[in-house]
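Work through these exercises with the model open beside you. Try each task before reading its solution.

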Amino acid sequence: MPGPRTAALHEALLARGETVAAAESLTAGLFCALLAEVPGASATLRGGVVVYATDLKSELAGVPADLLAEHGPVSRPTAAALAEGVRERCGATWGVGLTGVAGPTPVDGHGPGRVYVGVSDGQRTDVVELDLPGDRAAVRAAAVDAAVDALLDRLG
């Protein structure tokens, strides 16, 4: 069941006539699934891609391969590129990129709970860096909540 923040996100997008798409790594589709629980979500949710594998971040979400080689899959630049790429590829007003480490083991020097959330409108891209507590499920759920909050913040 969608919470009040998710419904508020849908209403804010709807009022502006805008849409969102997401490229999700560690959340593996949870962000899009949460938004889709809101009645009428088809008016604001364009879609998304699950880019769990590093090569798919480039192939499906348009993250430049050289950026991935330089910064890795869990990084501020990668989250930004995910948001920008999925926004463009899905024809959405807004793009959200989620990447990070759900745990229990570190990835590329990043400990469990390190998450980057990118939000792009095509003019400006912001990235939120988080260190989230808890097990895999808690980190993934908190990452989705952070993405909702980040987009709501940008929508004002």
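The exercises below concern a predicted model.

**Exercise 1. Place Glu18 and decide whether it is buried or exposed.**

Step 1. Find the segment. Glu18 sits in the loop that runs between α1 (4–16) and β1 (20–24).

Step 2. Apply the cut-off. Buried means under 20% relative accessible area. Glu18 has 15% relative accessibility, so it counts as buried.

Step 3. List the polar partners. The side chain of Glu18 makes a polar contact of 2.9 Å with the side chain of Arg16. Another, of 2.8 Å, joins the side chains of Glu18 and Trp94.

Step 4. Add the other surroundings. Leaving out residues up to four places away in sequence, Glu18 touches Leu13, Ala43, Thr44, Thr93, Trp94 and Leu155.

**Exercise 2. Work out the strand order of the sheet and name the strands at its edges.**

Step 1. Start from β3, residues 94–100. β3 pairs with β1 in the parallel sense, over five bridges. Use Ala21 to set the register: its bridge partner in β3 is Gly95.

Step 2. Go to the next strand. β3 and β4 (residues 114–120) pair in the antiparallel sense over six bridges. Here Leu98 has Val117 as its bridge partner in β4.

Step 3. Continue to β5. The pairing of β4 and β5 is antiparallel and spans seven bridges. Arg114 stands opposite Asp131 in β5.

Step 4. Assemble the sheet. The order is β2-β1-β3-β4-β5, an open sheet of five strands with mixed pairing. β2 (45–50) and β5 (125–131) are at the edges; each has a single partner strand, so one side of each is left without a neighbour in the sheet. From one strand to the next, the twist averages 15°.

Step 5. Add the helix. α6 (residues 136–155) packs on the sheet and touches β1, β3, β4 and β5. Its direction makes about 30° with that of β4.

**Exercise 3. Which residues of β3 are buried on each side?**

Step 1. Count. Seven of the seven residues in β3 are buried.

Step 2. Split them by face. One side carries Trp94, Val96, Leu98 and Gly100. The other carries Gly95, Gly97 and Thr99. Both faces are covered.

**Exercise 4. Describe the largest nonpolar core and say which element gives the most to it.**

Step 1. Find the best-connected members. The core has 28 residues, and those touching the most other members are Val20, Phe31, Val96, Leu98, Val115, Val117 and Leu151.

Step 2. Assign the contributors. Two or more residues come from each of α1, β1, α2 (30–36), β3, β4 and α6. α6 gives the most, with nine residues.

Step 3. Look beyond this core. A second, separate core has 13 residues, including Val51, Ala61, Leu67 and Val86.

Step 4. Return to one member, Val115. Apart from neighbours within four places in sequence, its contacts include Leu26, Thr99, Val128, Leu130, Val139 and Ala143.

**Exercise 5. Compare the span of α5 with the expected value, then inspect its buried residues and its end.**

Step 1. Take the length. α5 covers residues 76–90, which is 15 residues.

Step 2. Compare. From first C-alpha to last, α5 reaches 21 Å, close to the 21 Å expected at 1.5 Å a residue.

Step 3. Pick out the buried residues. They are Thr78, Ala79, Ala80, Ala81, Leu82, Ala83, Gly85, Val86 and Cys90.

Step 4. Check the end. Gly91 follows α5, and its phi is positive, near 65°.

Terms used
Residues numbered from 1 in each chain as written. Predicted model: local features only at pLDDT ≥ 70, side-chain atom pairs only at ≥ 80, totals over all residues. Heavy atoms only, no water. Helix = DSSP H or I, 4+ residues; strand = E, 2+ residues; numbered from the N terminus. Buried < 20%, exposed > 50% of the residue type's maximum accessible area, 1.4 Å probe, protein only. Polar contact = N/O pair within 3.5 Å; in protein donor to acceptor, adjacent residues only side chain to side chain. Contact = heavy atoms within 4.5 Å. Pairing = 2+ DSSP bridges. Axes fitted to C-alpha atoms, helices over the stretch in contact; angles between N-to-C directions. Core = buried A, V, L, I, M, F, W, Y, C linked by side-chain atoms within 4.5 Å. Expected span 1.5 Å × (residues − 1).
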